[in-house]
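This report examines strand pairing, overall dimensions and charged side-chain contacts. Please consult the sequence and coordinates shown here while reading.

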Amino acid sequence: FGWDRHRDRFLQTYYTVSPLHRMVMYKPMTDHTFLSEDKLVQRTWFDDNMTVTVNFNDTPWQDADSGRTLAPAGFHVEAEETIYERTMVNDAPLTRIETADFRYIATEHPFDDGPVYVDGWLAAFRAHGGQWRIRGRANDAHIDLEACLGIDGVESFVLVDDLGEPVETQTPEARNGRMHLPLDAEITRMFDIIVASD
């Protein structure tokens with residue numbers, strides 16, 4: 001009963017929290033402080049100069065040092081070669097995570113940063129054999145696969161079920177130099193990116 005009804009929420013929580021846990025699981029915590037009087041905004045330092053700032057409040061919080069505004073239930077991670085944040089952009093929360101083998105964007109309003117346009121949420125991650133897989137739910141989504149994932153020469157998108165079994169193959173469609181992703185606003189879809197062989 002709960003999985004079907006709350007599936008998107010479970011997936012979004014998994015995609016938001018899992019990469020951070022992988023990043024910090026073997027790093028010693030070196031310091032912790034409260035940044036707000038109500039103690040709902042906190043910062044933790046880890047080994048290798050990594051910091052995690054979290055806003056547990058139900059209202060936005062602006063960091064006076066960086067000028068960054070954390071969304072309600074927002075966060076920002078300072079770490080090498082990583083973007084990891086839930087901040088306010090154009091008066092709406094935007095969650096954005098980028099690591100070497102994982103990309104995640106979730107927004108309540110259309111978001112366009114050049115290589116990516118999304119109106120909803122999407123996650124790109126390496127699946128079996130290092131192949132990129134995308135899962136998401138969106139009104140519309142376009143991505144520059146070469147700039148974002150290092151993929152060139154896409155032959156097809158293979159829609160797969162929850163077990164990774166092929167369901168349908170689609171030919172990619174380019175829009176404004178970006179690939180249109182076959183996502184849907186009503187259901188979560190997952191597909192593999194098939195690269196043309198040399």
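## The β1–β2 hairpin

In this predicted model, strand β1 (residues 29-34) pairs with β2 in the antiparallel sense, and five bridges connect the two. One residue of the pairing is D31, whose bridge partner in β2 is W45. The two strands form a hairpin with six residues between them. Within the turn, K39 has a positive phi of about 65°.

## Overall architecture

The chain contains two helices and 16 strands. Its radius of gyration is 18 Å, close to the 16 Å that the globule rule gives for 198 residues, so the chain is as compact as a globular protein of that length. The C-alpha trace spans about 55 × 40 × 30 Å along its principal axes.

Of the 198 residues in the chain, 46% are buried. Among contacts with a separation of 6 or more, 40% are between residues 24 or more positions apart. The chain exposes about 11200 Å², of which carbon and sulfur atoms supply 48%.

## Salt bridge between D63 and R43

Eight salt bridges are found in a search of the whole structure. One of them joins the side chains of D63 and R43, with an N to O distance of 2.9 Å. D63 lies in the loop between β4 (61-62) and β5 (69-78), whereas R43 belongs to strand β2 (residues 41-46), so the salt bridge ties together parts that are 20 residues apart in sequence. Both D63 and R43 are buried. Strand β2 thus appears twice in this account: R43 lies in β2, and β2 also pairs with β1.

## Salt bridge between R133 and D192

A further salt bridge is formed by the side chains of R133 and D192, at 2.6 Å from N to O. This pair links distant parts of the chain: R133 is in strand β11 (residues 132-143) and D192 in strand β16 (residues 189-195), 59 residues apart.

How accessible are the two partners, R133 and D192? R133 has a relative accessibility of 9% and counts as buried. D192 is also buried, with a relative accessible area of 6%. Both values fall under 20%, the cut-off for a buried residue.

## The network of R68, E78 and E85

R68 and E78 form a salt bridge in which the closest N and O atoms are 3.9 Å apart. That distance lies within the 4 Å limit applied to salt bridges. The pair links distant parts of the chain, with R68 in the loop between β4 and β5 and E78 in strand β5, ten residues apart. R68 is partly exposed, at a relative accessible area of 25%, and E78 is likewise partly exposed, at 39% relative accessibility. Salt bridges that share partners join R68, E78 and E85 into one network.

## Surroundings of H76

H76 is located in strand β5, the strand that also holds E78. With 9% relative accessibility, H76 counts as buried. Its side chain makes a polar contact of 3.1 Å with the side chain of E85, a member of the salt-bridge network.

Which residues does H76 touch, leaving aside those up to four places away in sequence? They are T51, V52, T53, R68, L70, Y84 and E85. Two residues in this list, R68 and E85, are also joined in the network with E78.

Conventions. Residues are numbered from 1 along each chain as its sequence is written. This is a predicted model: local features need pLDDT of at least 70, side-chain atom pairs count only at pLDDT 80 or more; totals for chains, interfaces and linings use all residues. Side-chain values use heavy atoms; hydrogens and water are left out. Helices (H or I, at least four residues) and strands (E, at least two) are DSSP runs, numbered from the N terminus. Buried means under 20% relative accessible area, exposed over 50%, partly exposed in between (1.4 Å probe, protein chains only). Two strands pair if DSSP finds at least two bridges between them. The radius of gyration is taken over C-alpha atoms; the globule rule is 2.2 Å times the number of residues to the power 0.38. Contact means heavy atoms within 4.5 Å. Accessible areas come from the Shrake-Rupley method with a 1.4 Å probe; for residues, only the protein chains shown count as cover. A polar contact is a pair of N or O atoms within 3.5 Å; within protein, one must be able to donate a hydrogen and the other to accept it, and residues adjacent in sequence count only if both atoms are side-chain atoms.
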